[in-house]
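Trainee: Got a minute? I'd like to walk through this structure with you.
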Amino acid sequence: MTLLWGLANLLFCGALATGVCRRAMPWRFEGAIAFALAWTVSFFSAFFGAYLLLGLIGLVTGGAAVRVPLAAGIQALACAAVLWRRRGPGAPAATATDLETPRGTWRAMSRSGRLLAGATVAASLALSGMLCFEFPRGYEPKAYHLPLAANVFQTSSLELWDREYMDTFPANASLYYGFLLAFLPERAVAAAEMPLLFLLLAALYGLGRATGADREASVVATCGAVTIPIVAFSSLECGADIGGIAFLAAAVFFALTRDVARNANVALAGLAAGIAFGFKSLHLVGAAFLLLAVAARRFASGGPTAARGRKGTLAAGLFGTTFLALAGVWLARNGLRLGNPLYPVGIPAFSKFLGWRMAPDIDYAARGTMQLEWVRSSAGWLVYPWVEGHIHAENFKHSSGLGAFFAGFVPPSVVAAAVGLFTRSPGRLLRAGLLAGAAVLTLVWWILGDRQPRYLMGAGVFVLPLVAWTIALAQGRARSILGWTACVTSLFMLGVVVSRQAVEVGHRVFVLGQWKRYHFYVYPPGIDRLPAGSTVANLIARTENWGLYGEEHRNRVVNSRRALRELGVKADVERPPYVRLDSEALRGMGASHLVALSTTELRPGPGVALVELDRFVSKPADSQTEVPVLYRVEYAGRAGACR
Amino acid sequence: MRQIVYSESSHSRVPSGDRRPDNFTSATLARVAVTLSLISTIAYFLSSEGVRNYFRWTVTVLLKLARFSTR
């Protein structure tokens with residue numbers, strides 16, 4: 001039944017997107033890429049819009065409204081409304097430049113371009129295939145994206161799972177993965193970032209073309225973007241980064257390259273920016289920049305000053321309204337429940353002025369030291385793309401490394417585009433907009449002080465299209481040199497990503513024979529056999545949260561941070577040496593079971609007894625000295641009450 | 001309505017109907033871009049800790065693989 005409702009969701013979203021694109025907006029006259037992006041943004045707007053509306057109803061009424069059948073009902077109603085509506089005003093006549101299809105591109109590409117494109121497609125397929133041998137992975141996904149996903153659909157609510165700062169971010173990623181987990185095998189969901197990666201690539205290709213670059217240059221720049229380690233490794237995890245930048249790229253496409261005199265383009269830009277914010281609240285900066293850009297472009301459209309001002313204001317209003325339609329629920333939830341719509345983000349002086357609450361579990365003053373993981377001083381960022389330092393030598397992963405293609409092409413392209421602004425060439429305004437967007441995002445990243453390379457991925461969306469433009473500048477031999485340089489740098493980075501993934505999967509699955517879920521997440525197999533509704537307190541670490549939901553995701557889990565804090569363990573301590581088990585604290589969490597490391601000394605207080613049920617057996621045996629152990633909690637006077 | 005219009009390419013491999021920006025014959029800018037790109041790429045391979053560590057990791061994996069296959 002769940003499968004049927006899930007398919008109904010997808011069907012109605014698809015029909016709605018098709019109806020919107022074919023009837024309300026004549027997208028087929030704007031080219032294949034614009035149509036594909038409009039369709040995808042409409043599809044995901046319908047998907048997230050329904051769940052966010054239900055979440056808002058739940059937050060206001062306190063009810064459990066976030067349910068797949070109810071979302072399908074809302075999408076069906078919206079679908080009927082769109083299909084019922086008569087066809088909109090006639091489309092403008094198509095021109096030769098608009099009717100672009102990908103046909104002929106492959107044949108027309110040079111050998112280096114074909115090699116790069118072919119290798120990128122092959123690597124993407126190989127990586128997707130390898131992911132299906134595993135389970136969803138990554139620090140953030142295991143710590144909170146996936147636990148939040150399970151929690152939303154267990155409680156049918158967007159209420160906060162916990163007040164730990166990591167659990168209070170906007171959770172579009174969790175809605176997306178939670179929905180897929182409801183009817184797809186967990187191994188298939190491990191590759192769920194891939195469709196979002198393709199959206200990112202389509203948007204980057206469209207942006208590259210809009211700068212004036214030819215097809216091959218745009219294809220090369222797009223394929224090169226895949227090889228950037230923070231992009232490639234992020235797309236192998238069930239995180240929020242790729243979704244965030246994919247929808248930001250779509251928003252940039254509609255806001256900066258399409259005709260903003262058409263309300264539909266502005267609305268699509270606002271919706272895409274709203275979805276991007278729901279994936280990663282950091283994209284609020286990009287959304288604010290795009291709002292100003294849309295207003296400025298509309299203002300510059302000609303006519304009397306008063307009329308231009310009105311048009312600019314209306315365009316900004318439409319962008320803001322559509323943005324809030326999809327971002328507003330997260331802002332409202334955090335504003336009402338936590339006293340700061342952007343919680344846990346905050347600049348101390350600014351938040352104090354507005355009366356916004358800061359997260360007590362974040363040391364804002366220490367955020368500046370986060371950068372020491374990658375650079376020795378702030379000046380180190382100037383050479384980071386060429387040095388790629390990392391304190392633990394983890395230079396290439398989801399949060400580290402920009403790779404050879406980035407180092408070889410992005411800085412030169414930024415220089416070329418900046419110099420190109422002083423020449424009389426078409427598309428100057430767009431390039432200026434892209435450079436300005438990247439500059440604004442970089443400046444805010446610098447000011448906020450939490451300087452991690454992946455927090456600058458939004459700026460990458462603005463600069464990568466300039467690579468296509470730069471490649472297209474060159475002719476003849478110079479073009480060939482650039483083509484082969486792009487090919488070699490990208491192939492090297494693809495080799496890094498594929499070999500790392502192949503060795504990891506091969507070692508785990510084929511050498512060690514660790515095929516089961518409990519091997520992957522390292523937990524006692526008894527977790528998978530607990531009665532439905534069991535509540536497991538995690539006394540190990542945040543990354544164990546997701547595994548403890550069990551293979552059918554039926555358990556409830558008390559986040560390690562909350563569990564340890566309520567049991568009196570100092571904040572930020574994980575894998576504690578000992579824990580005193582207070583009866584009242586455990587009852588308060590509703591814990592029927594708990595999981596702790598075998599090396600953690602558990603000291604049951606009065607009224608609590610523990611029964612060991614199971615422990616993780618490592619494979620090969622004895623390869624681990626400390627293993628997770630599953631206990632049943634028994635309360636005095638209520639023996640078995642929590643079983 | 002503003003349309004983005006591109007000029008035809010002079011690049012022999014680009015098919016008809018494909019477009020390139022006007023006024024991109026700024027050969028100097030192209031030459032600067034190519035030179036910067038080559039220098040930047042070479043600098044990357046010479047200075048990247050990531051590349052060095054990756055090669056070290058590759059050697060370790062190959063040695064382990066050799067040991068594993070001869071067991």
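Mentor: Sure, one term to start. Helices (H or I, at least four residues) and strands (E, at least two) are DSSP runs, numbered from the N terminus. The expected span of a helix is 1.5 Å times one less than its number of residues.

Mentor: Some ground rules too. This is a predicted model: local features need pLDDT of at least 70, side-chain atom pairs count only at pLDDT 80 or more, and totals for chains, interfaces and linings use all residues. Residues are numbered from 1 along each chain as its sequence is written.

Trainee: What does helix H9 of chain A reach from its first C-alpha to its last?

Mentor: 26 Å, close to the 26 Å expected at 1.5 Å a residue. Helix H9 covers residues 193-210.

Trainee: And how many residues of H9(A) are buried?

Mentor: 15 of the 18, so H9(A) is largely enclosed by the rest of the structure. Buried means under 20% relative accessible area (1.4 Å probe, protein chains only). Just after H9(A), A:Gly212 has a positive phi of about 110°.

Trainee: Which residues does A:Val252 touch?

Mentor: Leaving out residues up to four places away in sequence, A:Val252 touches A:Leu207, A:Thr257, A:Leu290, A:Leu434, A:Val461 and A:Phe462. Contact means heavy atoms within 4.5 Å.

Trainee: Switching to chain B. In what order do its elements run?

Mentor: β-β-α-α from the N terminus. That is two helices and two strands.

Trainee: What share of chain B is buried?

Mentor: 32% of its 71 residues.

Conventions. Chains are lettered from A and ligands numbered from 1 in the order in which they are written. Side-chain values use heavy atoms; hydrogens and water are left out. Buried means under 20% relative accessible area, exposed over 50%, partly exposed in between (1.4 Å probe, protein chains only).
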